[in-house]
Amino acid sequence: MQTNTRMPFIAGNWKMNTTINEAKKLVADLRPALDKIAGVEKAVCPPFISLSGVKEILEGSTIKTGAQNLYFEEKGAYTGEISPLMLSGLCEYVIIGHSERRQYFKETGDIVNKKIKAALRVGLKPILCVGEKLEENEAGKTAQVVVNQLNEAFAGIKEVNGLVIAYEPIWAIGTGRAATGKQSNETIGLIRKTVTSLVDKDTANHMRILYGGSVTAENIAEFINQPEIDGGLVGGASLKIDQFIGIVQRTSEIKGIRQ
Ligand code: PEP
């Protein structure tokens, strides 16, 4: 296993929070401290309308940007949607298949697959989210649900261009009830094995697979200390300056890659 060659990655999902001015202030406040932390890749994913302003503030910074969603068509009569072409050049990453999109906006596995293909076509790196509901977890169906989501997401895909996976048990998102490091490590090990069979071993060994769900500066160590876990997708705590900096700092101390 080549764990030590995978650059740890912490991404903040701001969800539907921050006005344009608040987003600019948040990233301006984060930048000085985050730029000093080495050995970890960091990204923030603000709302679409703030991407441009945030990108300007991050000129010359080590902090990268990501979008929270996209539509899979390039352009046309899709009122209200944002295309991959509009995002290319504006950000490096795009979150795809977040459970909130699957749940509230009825995104199916087929839509997730189309979105991944659309992102890859323009050179955007998807952050693909997978994870089980509480009742699925309690029924012992976590492995089945996650493998099924991966089968759907990777259908027809053999080149992944830096795609990252975030394992986010739905019952842990925004609830303050994080999974344990051990449980998450097991599921993420299974995800890596599944990517080996769906794509190939080398891709799976190099792919960053994150944990997401109520991550804080206080509990990040539990996840980062696990061999299969390469970082975190952080929701609520990514809006709090001290918390997000603390999460990146702990990750650097525990698993940062020294160059
Ligand atoms: C998320 O939105 O991806 C997430 C993990 O949220 P939170 O950290 O708030 O649980």
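## A tour from the ligand outwards

Start by selecting N13 and the ligand: a polar atom in the N13 side chain sits 3.3 Å from one of the ligand's oxygen atoms. Keep in mind as you go that this is a predicted model.

**Stop 1: around the ligand.** Now add K15, where a side-chain N or O atom is 2.7 Å from an oxygen atom of the ligand. Then pick G236; here a polar atom of the backbone lies 2.8 Å from a ligand oxygen. To see the wider setting, show the 14 residues that surround the ligand. The closest of them are K15, E168, G174, S214 and G236.

**Stop 2: the largest pocket.** Keep K15 selected and bring up the largest pocket, which holds about 400 Å³ of space. Its lining has 14 residues, and those closest to the pocket's centre are K15, M16, Q68, R101 and F105. Which helix gives the most to this lining? Colour α4 to find out: α4 provides 3 residues. By class, the lining of the largest pocket splits into 7 nonpolar, 4 polar and 3 charged residues.

**Stop 3: the second largest pocket.** Stay with α4 and add α7 (142-153), since each of these helices supplies at least two residues to the lining of the second largest pocket. This pocket contains about 270 Å³ of space. Select S99, R102, Q103, G131, K133, E136, V145, N148, Q149, E152 and I170 to display its lining. The largest share, 4 residues, comes from α7. Colouring by class gives 2 nonpolar, 5 polar and 4 charged residues in the lining of the second largest pocket.

**Stop 4: the cavity.** Next, look for enclosed space: the count is 1 cavity of 30 Å³ or more. The largest cavity has a volume of about 50 Å³. Select G97, S99, R102, C129, V130, G131, Q149, E168, I170 and I173 to see what lines it. You have met E168 already, among the residues closest to the ligand, while S99, R102, G131, Q149 and I170 also belong to the lining of the second largest pocket. Both α4 (99-104) and β5 (125-130) supply at least two residues of the cavity lining. That lining comprises 4 nonpolar, 4 polar and 2 charged residues.

**Stop 5: S252.** Finish in helix α11 (residues 241-255), where you will find S252. Is S252 buried or exposed? S252 has a relative accessible area of 6%, under the 20% cut-off, so S252 counts as buried. Show I37, A38, V40 and R258 to see what S252 touches, leaving aside residues up to four places away in sequence.

Note on methods: Residues are numbered from 1 along each chain as its sequence is written. This is a predicted model: local features need pLDDT of at least 70, side-chain atom pairs count only at pLDDT 80 or more; totals for chains, interfaces and linings use all residues. Side-chain values use heavy atoms; hydrogens and water are left out. On a 1 Å grid over the protein atoms alone, a cavity is a set of points where a 1.4 Å probe fits but cannot get out, and a pocket is an open set with protein on both sides within 12 Å along at least five of seven lines; lining residues have an atom within 4 Å of a point. Grid points are joined across faces, edges and corners, and a volume is the space filled by probe spheres set on the points. Ala, Val, Leu, Ile, Met, Phe, Trp, Tyr, Cys and Pro count as nonpolar, Asp, Glu, Lys and Arg as charged, and the others, Gly among them, as polar. Buried means under 20% relative accessible area, exposed over 50%, partly exposed in between (1.4 Å probe, protein chains only). Contact means heavy atoms within 4.5 Å. A residue is near a molecule or strand if one of its heavy atoms lies within 4 Å of it. A polar contact is a pair of N or O atoms within 3.5 Å; within protein, one must be able to donate a hydrogen and the other to accept it, and residues adjacent in sequence count only if both atoms are side-chain atoms.
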